[in-house]
Amino acid sequence: MPPQVPHPEPGVPDTRGPLRYIWWLVRCQPWRVLRGSVLGTAWMTGLSVRPYLISRAVDDGLRAHDNRALLLWVAAILGAGVGLSYLGIMRHRTMTFVREDATARSAAVLLRQLSRIGAVLPRRLAAGEVATVGGSDIGYTSQVLTMTGPGVGAVIAYTVIAVVLWSVSPILALCVLLGVPAIALLIGPLLRRLDRVESVYRQQQGMLTTRAGDIVAGLRVLAGVGGRGLFARRYADRSQRLLAEGYRVGAVNSWIDALTVAIPGLFLATVVWLAARMAVTGDITIGQMVAVYGYVATLIVPVWFLLEGSYQMIRGRVAARRIVALLNLVPDDVGALRDADGPGTKPDGGGITTVPDARRPGVVPAPARPADLHDPASGLTVPAGRLIGVAADDPGEAIALADRLGRYVVSDVTWGGVPLTGIPLEQLRARILVADHDSYLFAGTLRTVLRARGASGDDRDRAGSDDDPSRDGSGSDARVTAALRVASAEDVVDALPDGLGTPIDTRARTLSGGQRQRVRLARALLAEPEVLVLIDPTSAVDAHTEARIAERLRAARAGRTTIVLATSPLLLGHADTVAHLREGRIVATGTHAELLERDRGYRQLVARGSDALDSEDFTGAEGALR
């Protein structure tokens, strides 16, 4: 059976603030929260029953020498203990369900958001921030929901005990009523300070996590260039600064923990001393004095829960603030629409409200047929169905161009005269694919990795496992094999013990750099997009392999739009048209041979800075240059 997903549709969170987000988690499970509040209230209020029963046992049984009454009150005390045990178990069980439900719901909401915003995420948040939000911050936020159970019960139990004490002695009741607010006044400034230092600590923790991830990802390169020690020292320095910040958080926490124990203890001693003096003077009975002691001792439990809840609220609010910041990221800044959320959605301040397609302003469908792409920022026009090469002096400009063509940033790019910003993202992502040479490879069998999103056409919607070759017949593996051949990656499959069924770890670290790059290219080809943008797809392969890929790529993508951003003469030589991108603008277009003839800058670029060859020599020697 497939694994059960706790919240396949987690709902629309309220992202207007951290407390509103926490309240949304409460509203998502109202009956469970209500049950936890009732059980918590019954348990805490029931704690005050036993002191009353003990006082009656003392006065009516021991002092009156009535064994029958004593046995009855002892039985009542035992029964109350059993009942309180049951209530405590059910309260804890219910609140555990509440926290776990909130954790699963927050995780589902964040996962949906991460998949929705896509390429915006690394530009707005560091990887470490995302890791800490998805890890500890979700747990801290869920802990706040404890306030809805024992927290509510603590307030009610405090009120009940104050009323009971008033019936015994107004002076003792006033001590209780004034003592707890005094505790809050003493701890309040510490809680505000904790809010500040916790925020700084969590931010620095995210930055350090990012640094650790970067070091691990580039460890092999750092070792090769001798930079491993340098980065290790920098990480150690950052870690020491985080340690110092952690000590600040720990110092505040230690004061809060100490006061949480010490103040209620002093409070208890004061009330007991007053009760003992009143018993000596005859104002209250011995049994009542015992009851007062029990009431005040019981009162420590709700007071502790209130103080602990305050601490959890501070920490949870800091965590929820970070979650809300991530949830408020949008795919782009085009208008107020969030068309990646589904058919017609827009924010309403408290989440996302559905808007019928007919009422969505500025939304136009993608061109029904293959059409030209035009980028006004660079002046590049990509005719439909052609293989276009773009050679950029600055690799950053090439990546920026790919981001504009794939609508990963706001731009004025048009597709068939239609602005990309007006086309629903779902339509764009289905027909335009930007394939980075270093895109992420998930763990799984090689077959699963290659078909991570499924091939286009009928294969996308078929049920079953991607690892089952019989799922959709031999045609599927035939298509995979064809894509591997175009990417010149047949040797990758041949070298693996189980071929396409061989498990590959995360990022395919067991493969070489060139093998990973060819697997990525095969995966992009399997998607069969109408428009394919390839960013330097052969930078990690040798010249002979690159030549085969260039020739096969042209044949495989015949009749479909393909844009290759590279400076390799082997790739550019097979393009229908080549554009030279310099300082963000197209300065020359033509075939590869034409640009070699008349564009000195282009000739230097594809020759890797060598100007020793003239155009005729360069054309014959371009294979040797790689």
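**Helices, sheets and contacts**

Colleague: At what angle to β12 does α12 run?
Modeller: α12 lies across β5, β8, β11 (531–535), β12 (561–565) and β13. Helices (H or I, at least four residues) and strands (E, at least two) are DSSP runs, numbered from the N terminus. Axes are lines fitted to C-alpha atoms, for helices over the stretch in contact, and angles run from 0 to 180 degrees between N-to-C directions. Between α12 and β12 the angle is about 155°.

Colleague: What pLDDT do local features need?
Modeller: Residues are numbered from 1 along each chain as its sequence is written, and side-chain values use heavy atoms, without hydrogens or water. The model is predicted: totals for chains, interfaces and linings use all residues, side-chain atom pairs count only at pLDDT 80 or more, and local features need pLDDT of at least 70.

Colleague: Which residue caps the N-terminal end of α12?
Modeller: Helix α12 spans residues 395–405. A side-chain oxygen lies 3.0 Å from the backbone nitrogen of Gly396. That oxygen belongs to Asp394.

Colleague: Which residues of α12 are buried?
Modeller: Buried means under 20% relative accessible area, exposed over 50%, partly exposed in between (1.4 Å probe, protein chains only). In α12 the buried residues are Ala398, Leu401, Ala402, Asp403, Arg404 and Leu405.

Colleague: Which strands stand at the edges of the sheet β8-β11-β12-β5-β13-β14?
Modeller: This open sheet has six strands and mixed pairing. Strands pair if DSSP finds at least two bridges between them. Each edge strand has a single partner, so one of its sides is left without a neighbour in the sheet. The edges are β8 (432–436) and β14.

Colleague: Which residue in β13 does Ile388 stand opposite?
Modeller: β5 (residues 387–392) and β13 (residues 577–582) pair in the parallel sense over five bridges. Opposite Ile388 in β13 stands Thr577.

Colleague: Is His580 of β13 buried or exposed?
Modeller: His580 is found in strand β13. Its relative accessibility is 0%. His580 therefore counts as buried.

Colleague: What is the length of the polar contact between the side chains of His580 and Asp393?
Modeller: A polar contact is a pair of N or O atoms within 3.5 Å; within protein, one must be able to donate a hydrogen and the other to accept it, and residues adjacent in sequence count only if both atoms are side-chain atoms. For the side chains of His580 and Asp393 the value is 2.8 Å.

Colleague: Which residues does Gly590 contact, leaving aside neighbours within four places in sequence?
Modeller: Gly590 is found in strand β14 (residues 585–590). At 10% relative accessibility, Gly590 counts as buried. Contact means heavy atoms within 4.5 Å. Gly590 touches Thr577, Val578, Leu595 and Arg598.

Colleague: How are α3 and α4 oriented to each other?
Modeller: α3 (residues 49–62) and α4 (residues 67–117) pack with their axes 8 Å apart, at an angle of about 170°. Angles under 35 degrees count as roughly parallel, over 145 as roughly antiparallel, 65 to 115 as roughly perpendicular and the rest as oblique. The two helices are therefore roughly antiparallel.

Colleague: In β7, which residue is the bridge partner of Thr414?
Modeller: An open sheet of four strands has the order β4-β3-β6-β7, with antiparallel pairing. In it, β6 (residues 414–415) pairs with β7 over two bridges. The partner of Thr414 is Pro419.
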